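The following exercises concern a single protein model and are intended to be worked with the coordinates open. Each task is followed by a solution in steps.

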Amino acid sequence: MKICKTVKEVRNTLQNSRSKGQSIGFVPTMGALHQGHLKLVEASKENCDLTVTSIFVNPTQFNNADDLSNYPKTIDEDSEKLMTTGCDILFLPDVKEMYLSKPQLRIGFDGIAEQLEGSFRPGHFDGVGLVVSKLFNIIQPDQAFFGQKDLQQFFIVKALVDHLNYSIQLRMVPTVRESNGLAMSSRNMRLSEKERKEAGLIYKALGIGQKSLLNSSDIQAVKKEVKELFDTSERLGLEYFEIISTDDFKPTESLFNKEKIALCIAVNIGQVRLIDNLMLIS
Ligand code: AMP
């Protein structure tokens, strides 16, 4: 696996492959890699000739300075895992390489970026949009792979691709989970053993909500039922649980378009914030 730390280096390397007609798959990450990330790399390997993974902890998408400084960094383990998975190129820029100086450009989203994650993390999706569009311009992949775990992010990137006319095929990869159902996340590293166990309630609650909704179609009753599951938990604080349509990520009042309905949740455990989701029909 080749490690490129500069834009120039990765561009030159890819130019070579492109001239041979090889298709390029791209997996953007913030590192602290786990099986979820590696699943994206595997998907890219299955679908493209060459796989590029980026590791960049993007400061512009953090609205909380502590969250940014506490974000785990495990670069040696990460490159080992990528190598074993068969990633071809690791793009590993530093902040100066990506932003030159202070960012002088912003991308602003309306609509879905104001809902759920956007409303609890102001500016988050603008930061995601900026870094993803920069990475797309640098790598110019044929396909890019994102996890369903960050469902709203996937639709933000889809809006970016549609509205800025990127010629990139987006692929969504299903969420990889621990044995108790907890969605794998780099932030799980900051949980104690006990917290990790209790966090299994997040996926359990989504499953209960999904089943009740399919049985009763009573949106308000299901929201109440799921919220009550967290009332008795000492460690888990429910930030939101919403039943939305992926058209606009607003709480939905009807289940008319069942295949677009998703159950989305955010939970705080101590200083760690976790998100998860389940499509109604999954
Ligand atoms: P991150 O490093 O958290 O920015 O995530 C990089 C990519 O990995 C994003 O597309 C995430 O949605 C995806 N991802 C993170 N966790 C998982 C998971 N448990 N299963 C599948 N994909 C994931």
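**Exercise 1. Strand pairing**

Task: Determine how many bridges join strand β8 to β9, and whether the strands run parallel or antiparallel.

Solution. The model is a predicted one.
Step 1. Strand β8 (residues 261-269) is joined to β9 by eight bridges, and the two strands run antiparallel.
Step 2. For the register, Ile269 stands opposite Val272 in β9.
Step 3. The connection is a hairpin with two residues between β8 and β9, and Gly270 in the turn has a positive phi of about 55°.

**Exercise 2. The two faces of β9**

Task: State which residues point one way from β9 and which the other way.

Solution.
Step 1. In a regular strand, side chains alternate between the two faces of the sheet.
Step 2. Val272, Leu274, Asp276 and Leu278 point one way, whereas Arg273, Ile275, Asn277 and Met279 point the other way.
Step 3. All of these residues are buried, and β9 is accordingly described as mostly covered, with eight of its eight residues buried.

**Exercise 3. Salt bridges**

Task: Find how many salt bridges the whole structure holds, and examine the pairs formed by Asp276, Arg121 and Asp126.

Solution.
Step 1. The search of the whole structure finds 14 salt bridges.
Step 2. Asp276 pairs with Arg177, with the closest N and O atoms 2.8 Å apart. Asp276 belongs to strand β9 (residues 272-279) and Arg177 to the loop between β6 (169-173) and α9 (193-198), so this pair ties together parts that are 99 residues apart in sequence. The relative accessibility of Asp276 is 4%, so it counts as buried, the cut-off being under 20%.
Step 3. Arg121 forms a salt bridge with Asp67, and their closest N and O atoms are 3.8 Å apart. Because Arg121 lies in the loop between α6 (116-120) and α7 (124-139) and Asp67 in helix α3 (residues 65-69), the pair ties together parts that are 54 residues apart in sequence. Both Arg121 and Asp67 are buried.
Step 4. Asp126 and Arg106 meet through their side chains in a salt bridge of 3.4 Å, N to O. Asp126 is in helix α7 and Arg106 in the loop between α5 (95-99) and α6, so parts 20 residues apart in sequence are tied together. Asp126 is buried, with a relative accessible area of 19%, whereas Arg106 counts as exposed at 69% relative accessibility.

**Exercise 4. A helix pair**

Task: Describe how the axes of helix α10 and helix α11 cross.

Solution.
Step 1. Two packed helices are described by the angle between their axes and the distance between the axes.
Step 2. The axes of α10 (residues 200-216) and α11 (residues 219-231) come within 9 Å and cross at roughly 160°. This makes α10 roughly antiparallel to α11, and the crossing is right-handed.
Step 3. Residues of α10 in the contact include Leu201, Ile202, Ala205 and Ile208; those of α11 include Ile219, Val222, Val226 and Phe230.

**Exercise 5. Positive phi outside glycine**

Task: State where Leu116 and Phe249 lie, and whether each is buried or exposed.

Solution.
Step 1. Leu116 has a positive phi of about 35° although it is not a glycine. Leu116 lies in helix α6 and counts as buried at 7% relative accessibility.
Step 2. Phe249, likewise not a glycine, has a positive phi of about 60°. Phe249 is found in the loop between β7 (236-245) and β8, and is buried with a relative accessible area of 0%.

Terms used:
Residues numbered from 1 in each chain as written. Predicted model: local features only at pLDDT ≥ 70, side-chain atom pairs only at ≥ 80, totals over all residues. Heavy atoms only, no water. Salt bridge = Lys/Arg side-chain N within 4 Å of Asp/Glu carboxyl O. Helix = DSSP H or I, 4+ residues; strand = E, 2+ residues; numbered from the N terminus. Buried < 20%, exposed > 50% of the residue type's maximum accessible area, 1.4 Å probe, protein only. Pairing = 2+ DSSP bridges. Axes fitted to C-alpha atoms, helices over the stretch in contact; angles between N-to-C directions. Parallel < 35°, antiparallel > 145°, perpendicular 65-115°, else oblique. Left-handed = near helix turned anticlockwise from the far one by under 90°. Contact = heavy atoms within 4.5 Å.
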